[in-house]
Amino acid sequence: IVVGKEKFNFFKSCKGLIFPSHFENSPVVLKEAICAEMPIISSDIDANKNILSRIGNNIFFETKNSTNLAEAIIKLESDNVLFLKLRVKAKNGFKHDTVYAKAVIHEVLNDL
(Lines give C-alpha, C1' and ligand atoms only; values in the text may rest on other atoms or scores of the structure.)
Protein backbone atom coordinates (compact mmCIF):
# COMPACT_ATOMS: atom_id res chain seq x y z
CA ILE A 1 0.00 0.00 0.00
CA VAL A 2 1.32 3.40 -0.98
CA VAL A 3 -0.14 6.40 0.86
CA GLY A 4 0.42 10.07 1.59
CA LYS A 5 3.38 11.90 0.10
CA GLU A 6 4.84 8.64 -1.24
CA LYS A 7 1.63 8.01 -3.20
CA PHE A 8 1.57 11.57 -4.53
CA ASN A 9 5.21 11.27 -5.65
CA PHE A 10 4.43 7.94 -7.31
CA PHE A 11 1.57 9.55 -9.23
CA LYS A 12 3.79 12.48 -10.25
CA SER A 13 6.40 10.05 -11.63
CA CYS A 14 3.88 8.49 -14.04
CA LYS A 15 2.85 9.83 -17.43
CA GLY A 16 -0.83 9.17 -16.83
CA LEU A 17 -3.46 6.96 -15.24
CA ILE A 18 -5.39 4.19 -16.97
CA PHE A 19 -8.63 3.50 -15.11
CA PRO A 20 -10.61 0.70 -16.81
CA SER A 21 -13.13 0.15 -13.99
CA HIS A 22 -16.56 -1.24 -14.93
CA PHE A 23 -18.27 0.03 -11.75
CA GLU A 24 -17.58 2.85 -9.29
CA ASN A 25 -19.52 5.13 -6.98
CA SER A 26 -17.06 7.97 -6.44
CA PRO A 27 -13.57 6.91 -7.49
CA VAL A 28 -11.06 8.66 -5.23
CA VAL A 29 -8.16 7.58 -7.44
CA LEU A 30 -9.42 9.88 -10.20
CA LYS A 31 -9.41 12.83 -7.83
CA GLU A 32 -5.89 11.93 -6.68
CA ALA A 33 -4.71 11.69 -10.29
CA ILE A 34 -6.22 15.09 -11.06
CA CYS A 35 -4.40 16.61 -8.07
CA ALA A 36 -1.18 15.04 -9.36
CA GLU A 37 -1.86 16.75 -12.73
CA MET A 38 -2.12 13.48 -14.62
CA PRO A 39 -3.84 12.84 -17.93
CA ILE A 40 -6.36 10.04 -17.44
CA ILE A 41 -7.62 7.33 -19.74
CA SER A 42 -10.88 6.17 -18.21
CA SER A 43 -13.84 3.93 -18.91
CA ASP A 44 -16.99 5.82 -19.82
CA ILE A 45 -19.08 4.82 -16.80
CA ASP A 46 -21.24 7.51 -15.21
CA ALA A 47 -19.18 7.85 -12.01
CA ASN A 48 -16.04 8.59 -14.03
CA LYS A 49 -17.89 10.99 -16.32
CA ASN A 50 -19.31 12.87 -13.32
CA ILE A 51 -15.79 13.67 -12.12
CA LEU A 52 -13.84 13.97 -15.34
CA SER A 53 -16.22 15.69 -17.75
CA ARG A 54 -15.98 19.01 -15.92
CA ILE A 55 -12.16 18.81 -15.72
CA GLY A 56 -11.43 17.62 -19.28
CA ASN A 57 -8.05 16.04 -18.53
CA ASN A 58 -9.01 12.69 -19.90
CA ILE A 59 -9.82 10.42 -22.79
CA PHE A 60 -12.86 8.19 -22.29
CA PHE A 61 -13.02 4.74 -23.82
CA GLU A 62 -16.01 2.47 -24.17
CA THR A 63 -16.31 0.18 -21.15
CA LYS A 64 -15.23 -3.41 -21.84
CA ASN A 65 -13.91 -2.44 -25.31
CA SER A 66 -10.22 -3.40 -25.28
CA THR A 67 -9.67 -2.10 -28.83
CA ASN A 68 -11.03 1.31 -27.88
CA LEU A 69 -8.82 1.32 -24.76
CA ALA A 70 -5.75 0.44 -26.86
CA GLU A 71 -6.57 3.27 -29.29
CA ALA A 72 -6.82 5.73 -26.38
CA ILE A 73 -3.44 4.61 -25.01
CA ILE A 74 -1.79 4.96 -28.44
CA LYS A 75 -3.42 8.37 -28.93
CA LEU A 76 -2.10 9.72 -25.61
CA GLU A 77 1.34 8.18 -26.05
CA SER A 78 1.84 9.44 -29.59
CA ASP A 79 0.43 12.96 -29.24
CA ASN A 80 2.62 15.08 -26.96
CA VAL A 81 0.50 18.20 -27.59
CA LEU A 82 -2.58 16.33 -26.34
CA PHE A 83 -0.64 15.01 -23.34
CA LEU A 84 0.43 18.55 -22.33
CA LYS A 85 -3.08 19.92 -22.92
CA LEU A 86 -4.58 17.28 -20.60
CA ARG A 87 -1.96 18.02 -17.92
CA VAL A 88 -2.82 21.72 -18.01
CA LYS A 89 -6.52 20.91 -17.68
CA ALA A 90 -5.76 18.71 -14.66
CA LYS A 91 -3.65 21.46 -13.12
CA ASN A 92 -6.56 23.89 -13.40
CA GLY A 93 -9.17 21.26 -12.54
CA PHE A 94 -10.20 21.51 -8.92
CA LYS A 95 -10.67 24.81 -7.18
CA HIS A 96 -10.18 24.44 -3.43
CA ASP A 97 -10.85 27.95 -2.24
CA THR A 98 -13.38 29.04 0.37
CA VAL A 99 -15.59 30.89 -2.12
CA TYR A 100 -16.04 27.72 -4.18
CA ALA A 101 -16.54 25.55 -1.09
CA LYS A 102 -19.19 27.92 0.31
CA ALA A 103 -21.02 27.96 -3.03
CA VAL A 104 -21.14 24.16 -3.12
CA ILE A 105 -22.34 23.95 0.49
CA HIS A 106 -24.95 26.63 -0.18
CA GLU A 107 -26.22 24.73 -3.23
CA VAL A 108 -26.48 21.47 -1.27
CA LEU A 109 -28.33 23.15 1.61
CA ASN A 110 -30.75 24.84 -0.79
CA ASP A 111 -31.62 21.45 -2.28
CA LEU A 112 -32.61 20.03 1.12
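Start with the whole chain in cartoon view: from the N terminus on, its elements run α-β-α-β-α-β-α-α-α. That gives six helices and three strands, where helices (H or I, at least four residues) and strands (E, at least two) are DSSP runs, numbered from the N terminus. What you see is a predicted model, in which local features need pLDDT of at least 70 and side-chain atom pairs count only at pLDDT 80 or more, while totals for chains, interfaces and linings use all residues. Residues are numbered from 1 along each chain as its sequence is written, and side-chain values use heavy atoms, with hydrogens and water left out.

Turn the chain around before zooming in. Its C-alpha trace spans about 45 × 30 × 30 Å along the principal axes. Of the 112 residues, 29% count as buried; buried means under 20% relative accessible area, exposed over 50%, and partly exposed in between (1.4 Å probe, protein chains only). Among contacts between residues at least 6 apart in sequence, 43% join residues at least 24 apart, with contact meaning heavy atoms within 4.5 Å.

**Stop 1: the sheet**

Select the three strands. They form an open sheet in the order β1-β2-β3, with parallel pairing. Two strands pair if DSSP finds at least two bridges between them. Strands of a sheet pair through backbone hydrogen bonds, either parallel or antiparallel. Which strands stand at the edges? They are β1 (17-19) and β3 (58-61), and each has a single partner strand, so one side of each is left without a neighbour in the sheet. From one strand to the next, the twist averages 15 degrees.

Now colour β2, residues 40-43. Three bridges join this strand to β1, and the two run parallel. To find one such link, pick Leu17, whose bridge partner in β2 is Ile40. Both faces of β2 are covered: Ile40 and Ser42 on one side, and Ile41 and Ser43 on the other, are all buried.

Add helix α4, residues 66-78. This helix lies across β1, β2 and β3, and runs at about 160 degrees to β3; axes here are lines fitted to C-alpha atoms, for helices over the stretch in contact, and angles run from 0 to 180 degrees between N-to-C directions.

**Stop 2: Ser43**

Show the side chain of Ser43, in strand β2. Is Ser43 buried or exposed? Its relative accessibility is 0%, so Ser43 counts as buried. Its side chain reaches the backbone oxygen of Ser21 at 2.5 Å, a polar contact (a pair of N or O atoms within 3.5 Å; within protein, one must be able to donate a hydrogen and the other to accept it, and residues adjacent in sequence count only if both atoms are side-chain atoms). Leaving aside neighbours within four places in sequence, Ser43 is in contact with residues including Phe19, Asn48, Phe60 and Thr63.

**Stop 3: two asparagines**

Move to Asn57, in the loop between α3 (46-52) and β3. Asn57 counts as buried because its relative accessibility is 0%. Where does its side chain reach? The side chain of Asn57 comes to 2.9 Å from the backbone oxygen of Met38. Not counting residues up to four places away in sequence, Asn57 touches Ile34, Met38, Pro39, Ile40, Leu52, Leu86, Lys89 and Ala90.

Asn58 lies in strand β3. With 14% relative accessibility, Asn58 counts as buried. Beyond its neighbours within four places in sequence, Asn58 is in contact with Ile40, Leu52 and Leu86.

**Stop 4: the nonpolar cores**

Select Phe11, Leu17, Phe19, Leu30, Ala33, Ile34, Ala36, Met38, Ile40, Ile51, Leu52 and Ile55 as spheres: these twelve residues make the largest nonpolar core. Such a core is a set of buried Ala, Val, Leu, Ile, Met, Phe, Trp, Tyr and Cys residues joined through side-chain atoms within 4.5 Å. At least two residues of this core come from each of β1, α2 (28-35) and α3, and α2 gives the most, with three. In another colour, show Ile41, Leu69, Leu82 and Leu86, which are among the nine residues of a second, separate core.

**Stop 5: the cysteines**

How many disulfides does the structure hold? There are zero, a disulfide being a pair of cysteine sulfur atoms within 2.5 Å. Cys14 is in no disulfide, and the nearest cysteine sulfur, that of Cys35, is 15 Å away. Cys14 is partly exposed at 31% relative accessible area, and Cys35 is partly exposed at 43%.
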